[in-house]
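This briefing goes through a helix, its surroundings, and selected side-chain contacts. The points are grouped by topic.

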Amino acid sequence: TLSMAYAAAVFTERLLRAAAGEKGIYECAYVESPVAQKDGAKYFSTPVLLGPNGVEEISPLPDFSAAEQANYDAMIGDLVNQIKKGED
């Protein structure tokens, strides 16, 4: 879709700026990450700091409200299953 193409273009432009040495560029990215490994999720989407070598820092999960925690708890099992399906 057009919105997906636009998002990819923005991400690519920011990644190229970071690769060229611009500092302080954060983007959300679905990457191999430690933030949800305790719940079995090898990959997760959070803001990452981009730099000349790609992802330089992965932001931790914030403190969740009760509603956010309930949503996280409801979805994490499905995410783990989808990751396993993609890796198999």
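**Helix α2 and its contacts**

Helix α2 covers residues 66–87, and at 1.5 Å a residue its 22 residues should span 32 Å; the end C-alpha atoms are 32 Å apart, so the two values agree. The model is predicted. The points below take up the helix, then the salt bridges, the aromatic pairs and one loop residue.

**Helix α2**

- A bend of about 35° occurs in α2 at M75.
- Four residues of α2 are buried, namely Y72, I76, L79 and I83.
- The cover over these buried residues includes strands β1 (25–32) and β2 (43–51).

**Salt bridges**

- The model has six salt bridges.
- One of them joins the side chains of E27 and R14, with an N to O distance of 2.3 Å.
- E27 belongs to strand β1 and R14 to helix α1 (residues 2–19), so this salt bridge ties together parts that lie 13 residues apart in sequence.
- E27 has a relative accessibility of 18% and therefore counts as buried, the cut-off being under 20%.
- K42 and E87 also meet through their side chains in a salt bridge, at 3.4 Å from N to O.
- Because K42 sits in the loop between β1 and β2 while E87 sits in helix α2, the pair ties together parts 45 residues apart in sequence.
- Both partners are partly exposed: K42 has a relative accessible area of 34%, and E87 has a relative accessibility of 43%.
- A further salt bridge is formed by the side chains of K84 and D88, 2.9 Å apart from N to O.
- In this pair K84 counts as partly exposed at 48% relative accessibility, whereas D88 is exposed at 70%.
- Salt bridges also link E13, R17 and E22 in a network.

**Aromatic pairs**

- The count of aromatic pairs is three.
- For F64 and Y72 the ring centres are 5.4 Å apart and the planes meet at 40°, so the pair is tilted; the tilted class takes in angles that are neither under 30 degrees nor over 60.
- F64 is partly exposed, with a relative accessible area of 29%.
- Y72, one of the buried residues of α2, has a relative accessibility of 6%.
- F44, F64 and Y72 are joined by ring pairs into a cluster.

**S33 in the loop between β1 and β2**

- S33 is located in the loop that runs between β1 and β2.
- At 1% relative accessibility, S33 counts as buried.
- The S33 side chain reaches the backbone nitrogen of V35, at a distance of 3.2 Å.
- Leaving aside residues up to four places away in sequence, S33 touches A41, K42, Y43, F44 and I58.
- Among these contacts, K42 is the residue that forms a salt bridge with E87, and F44 belongs to the aromatic cluster with F64 and Y72.

Note on methods:
Residues numbered from 1 in each chain as written. Predicted model: local features only at pLDDT ≥ 70, side-chain atom pairs only at ≥ 80, totals over all residues. Heavy atoms only, no water. Helix = DSSP H or I, 4+ residues; strand = E, 2+ residues; numbered from the N terminus. Expected span 1.5 Å × (residues − 1). Bend = angle between axes of the 7 residues up to and from the residue. Buried < 20%, exposed > 50% of the residue type's maximum accessible area, 1.4 Å probe, protein only. Contact = heavy atoms within 4.5 Å. Salt bridge = Lys/Arg side-chain N within 4 Å of Asp/Glu carboxyl O. Phe/Tyr/Trp six-rings, centres within 6.5 Å; stacked < 30°, edge-to-face > 60°. Polar contact = N/O pair within 3.5 Å; in protein donor to acceptor, adjacent residues only side chain to side chain.
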